[in-house]
Amino acid sequence: MARLPILRYPDPRLHSVARPVAGVDERVRRLVDDMLETMYASDGVGLAATQVDVHERVIVMDTSEQHDRPLVLINPEILKRSEEMAVNEEGCLSVPLIYDRVERPARVTVRALGRDGQPFELEAEGLTAVCVQHEMDHLMGKVFVEYLSLLKRDRIRTKMLKKTRDELRGK
Ligand code: NI
């Protein structure tokens, strides 16, 4: 397994729309394993392939308390969204150290293929529902800061560009 570099907002590649995975083969399983390693190493609860510059519909997540229940969603589709909405604070490995409130359906039912290529359905609520919707947005080229006001988004963009510049200078 290998740790993959994570694209940082406002990298334009984060706005690519991912294509469906044609078949769950060795290559896809290796991608899934590398994404899981990258997510755990970064203390994240979710990672979309888009964030590691692979534009295919693959998500990994782990919203368990002990971080010992990896969840893999390949070609995920939302079957049902609750009318009830919930506001939660979100963060993103592509937007480090920025957290803000986003409103989304409180519960969703998702169908996807697992790492073994077998279809399954997931009824998600709470953090898992937030995470699956956040990661599925990534596959459509959408980053959570796009739910925030233009003013906030501009501030975040400036902050991220400065952070990247400082890191390149070794500050
Ligand atoms: Ni994210």
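Does isoleucine 78 belong among the buried or the partly exposed residues, and what relative accessibility does isoleucine 78 have? In this predicted model, isoleucine 78 counts as partly exposed, at 23% relative accessibility, because buried is reserved for residues under 20% relative accessible area. Isoleucine 78 is part of strand E3, and, when its neighbours within four places in sequence are left aside, its contacts are Val108, Thr109, Val110, Gln133 and Met136. The C-alpha atoms of isoleucine 78 and alanine 112 are separated by 8.8 Å in space, although the two residues stand 34 residues apart in sequence.

Isoleucine 78 is also one of the residues that line the second largest pocket, which has a volume of about 160 Å³. The lining of this pocket further includes Arg57, Arg81, Glu103, Arg104, Pro105, Gln133, Met136, Asp137, Met140 and Tyr147, and the elements that give two or more residues to it are strand E3 (71-81), E5 and H2. By class, five nonpolar and five charged residues are found in the lining of the second largest pocket, together with one polar residue. Gln133 and Met136 thus appear both in the lining of this pocket and among the contacts of isoleucine 78.

The largest pocket has a volume of about 350 Å³. Of the 23 residues that line this pocket, Val45, Gly91, Cys92, Leu93 and Tyr99 are the closest to its centre. Two or more residues of the lining come from each of strand E4 (85-92), strand E5 (95-105) and helix H2 (126-139), and H2 gives the most, with six residues. The lining of the largest pocket has 11 nonpolar residues, eight polar residues and four charged residues.

Cys92, which is among the residues closest to the centre of the largest pocket, is also a donor to the nickel ion. The nickel ion is coordinated by the SG atom of Cys92 and by the NE2 atoms of His134 and His138, at 2.1 to 2.2 Å, and the spacing of these donor residues in sequence is C-x41-H-x3-H. Because cysteine 92 lies in strand E4 and histidine 138 in helix H2, the pair ties together parts that are 46 residues apart in sequence. Cysteine 92 is buried, with a relative accessible area of 10%, and histidine 138 likewise counts as buried, at 0% relative accessibility.

Helix H1 comprises 16 residues (residues 26-41), which at 1.5 Å a residue should span 22 Å, and this agrees with the 22 Å that separates its end C-alpha atoms. The buried residues of H1 are Val28, Leu31, Val32, Asp33, Asp34, Met35, Leu36, Thr38 and Met39, and these buried residues pack against strand E1 (46-48), strand E2 (58-61) and E3. An α-helix has 3.6 residues a turn, so residues three or four places apart point the same way.

Several backbone features call for separate description. Most residues other than glycine have a negative phi, and most peptide bonds are trans. Just after H1, however, aspartate 43 takes a positive phi of about 60°; this residue lies in the loop between H1 and E1 and is exposed, with a relative accessible area of 73%. Aspartate 53, which is not a glycine either, has a positive phi of about 65°. Aspartate 53 is placed in the loop between E1 and E2 and is partly exposed, with a relative accessible area of 33%. A cis peptide bond, with omega about 5°, joins tyrosine 9 and proline 10, and proline 10 is found in the segment before H1.

The segment before H1 also holds arginine 19. Apart from neighbours within four places in sequence, arginine 19 is in contact with His55, Glu56 and Arg57, and Arg57 is in turn one of the residues that line the second largest pocket. Arginine 19 and cysteine 131 are 112 residues apart in sequence, and their C-alpha atoms are 20 Å apart in space.

Methods: Residues are numbered from 1 along each chain as its sequence is written. This is a predicted model: local features need pLDDT of at least 70, side-chain atom pairs count only at pLDDT 80 or more; totals for chains, interfaces and linings use all residues. Side-chain values use heavy atoms; hydrogens and water are left out. On a 1 Å grid over the protein atoms alone, a cavity is a set of points where a 1.4 Å probe fits but cannot get out, and a pocket is an open set with protein on both sides within 12 Å along at least five of seven lines; lining residues have an atom within 4 Å of a point. Grid points are joined across faces, edges and corners, and a volume is the space filled by probe spheres set on the points. Helices (H or I, at least four residues) and strands (E, at least two) are DSSP runs, numbered from the N terminus. Ala, Val, Leu, Ile, Met, Phe, Trp, Tyr, Cys and Pro count as nonpolar, Asp, Glu, Lys and Arg as charged, and the others, Gly among them, as polar. The expected span of a helix is 1.5 Å times one less than its number of residues. Buried means under 20% relative accessible area, exposed over 50%, partly exposed in between (1.4 Å probe, protein chains only). Contact means heavy atoms within 4.5 Å. Donors are N, O and S atoms within 2.8 Å of the metal (3.2 Å for Na, K and Ca); water is not among the atoms, so sites may look incomplete.
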